[in-house]
Amino acid sequence: CGETPILLLDDIFSELDDRRAERLLHFVETLSQTFITSTSAQAFGERLVFGKHNRVFTIRNGAVVGAVAASV
């Protein structure tokens with residue numbers, strides 16, 4: 001239909017080993033828009049350094065409380 005899809009990945013780091021998580025992140029950096037959720041910021045560790053357009057959104061009590069650019 002000509003529309004760019006959004007990929008939603010919910011808590012993937014609890015299901016993947018480090019090697020597979022790294023491979024997945026390298027793949028999704030080629031896509032237009034991906035949201036990855038986690039209940040722990042530590043789950044992302046160094047993994048957020050995979051592109052220059054990344055943002056970290058923090059949700060507290062149902063509200064977005066911060067959006068920070070990930071380091072490159």
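User: What does the side chain of Asp 17 reach at the start of H1?
Analyst: One of its oxygens comes to within 3.2 Å of the backbone nitrogen of Arg 19. Pairs like that are called polar contacts: N or O atoms within 3.5 Å, where, within protein, one must be able to donate a hydrogen and the other to accept it, and residues adjacent in sequence count only if both atoms are side-chain atoms. Bear in mind that this is a predicted model, where local features need pLDDT of at least 70, side-chain atom pairs count only at pLDDT 80 or more, and totals for chains, interfaces and linings use all residues. Residues are numbered from 1 along each chain as its sequence is written, and side-chain values use heavy atoms, with hydrogens and water left out.

User: And which residue forms a salt bridge with Asp 17?
Analyst: That's Arg 20, with the closest N and O atoms 2.6 Å apart. A salt bridge here is a side-chain nitrogen of Lys or Arg within 4 Å of a carboxyl oxygen of Asp or Glu.

User: How many salt bridges does the structure hold?
Analyst: Just one.

User: Are those two buried or exposed?
Analyst: Neither: Arg 20 is partly exposed at 43% relative accessibility, and Asp 17 is partly exposed at 37%. Buried means under 20% relative accessible area, exposed means over 50%, and partly exposed is in between (1.4 Å probe, protein chains only).

User: OK, so which residues of H1 are buried?
Analyst: Ala 21, Leu 25 and Val 28, in a helix that spans residues 18-28. They sit on the same side of H1, because they cover an arc of only 70 degrees around the axis. That arc is taken from the directions from the helix axis to the C-beta atoms.

User: What covers them?
Analyst: The cover includes E1 and strand E2 (34-37).

User: Zooming out, how do the elements run along the chain?
Analyst: From the N terminus on, it goes β-α-β-β-β, with one helix and four strands. These are DSSP runs numbered from the N terminus: helices (H or I) have at least four residues, strands (E) at least two. Of the 72 residues, 15% count as buried.

User: Where's Ser 32?
Analyst: Ser 32 is in the loop between H1 and E2, and it is exposed, with a relative accessible area of 52%. Setting aside neighbours within four places in sequence, Ser 32 is in contact (heavy atoms within 4.5 Å) with Thr 4 and Pro 5.

User: Changing topic, which residues form the nonpolar patch on the surface?
Analyst: Ile 6, Leu 8, Phe 35, Phe 57, Ile 59 and Val 64, together offering about 630 Å² of accessible area. Patches take residues with over 30% relative accessible area and no salt bridge, joining like charges within 9 Å and nonpolar side chains (Val, Leu, Ile, Met, Phe, Trp, Tyr) within 5 Å. The areas come from the Shrake-Rupley method with a 1.4 Å probe; for residues, only the protein chains shown count as cover.

User: Where does Ile 6 sit?
Analyst: In the segment before strand E1 (7-10).

User: Which phi does Asn 61 have?
Analyst: A positive one, about 50 degrees, although it is not a glycine. Asn 61 sits in the loop between strand E3 (55-60) and strand E4 (63-69), and it is exposed at 84% relative accessible area.

User: And Asp 11, what's its phi?
Analyst: About 55 degrees, so to speak on the positive side, and Asp 11 is not a glycine. Asp 11 lies in the loop between E1 and H1, where it counts as partly exposed at 28% relative accessibility.
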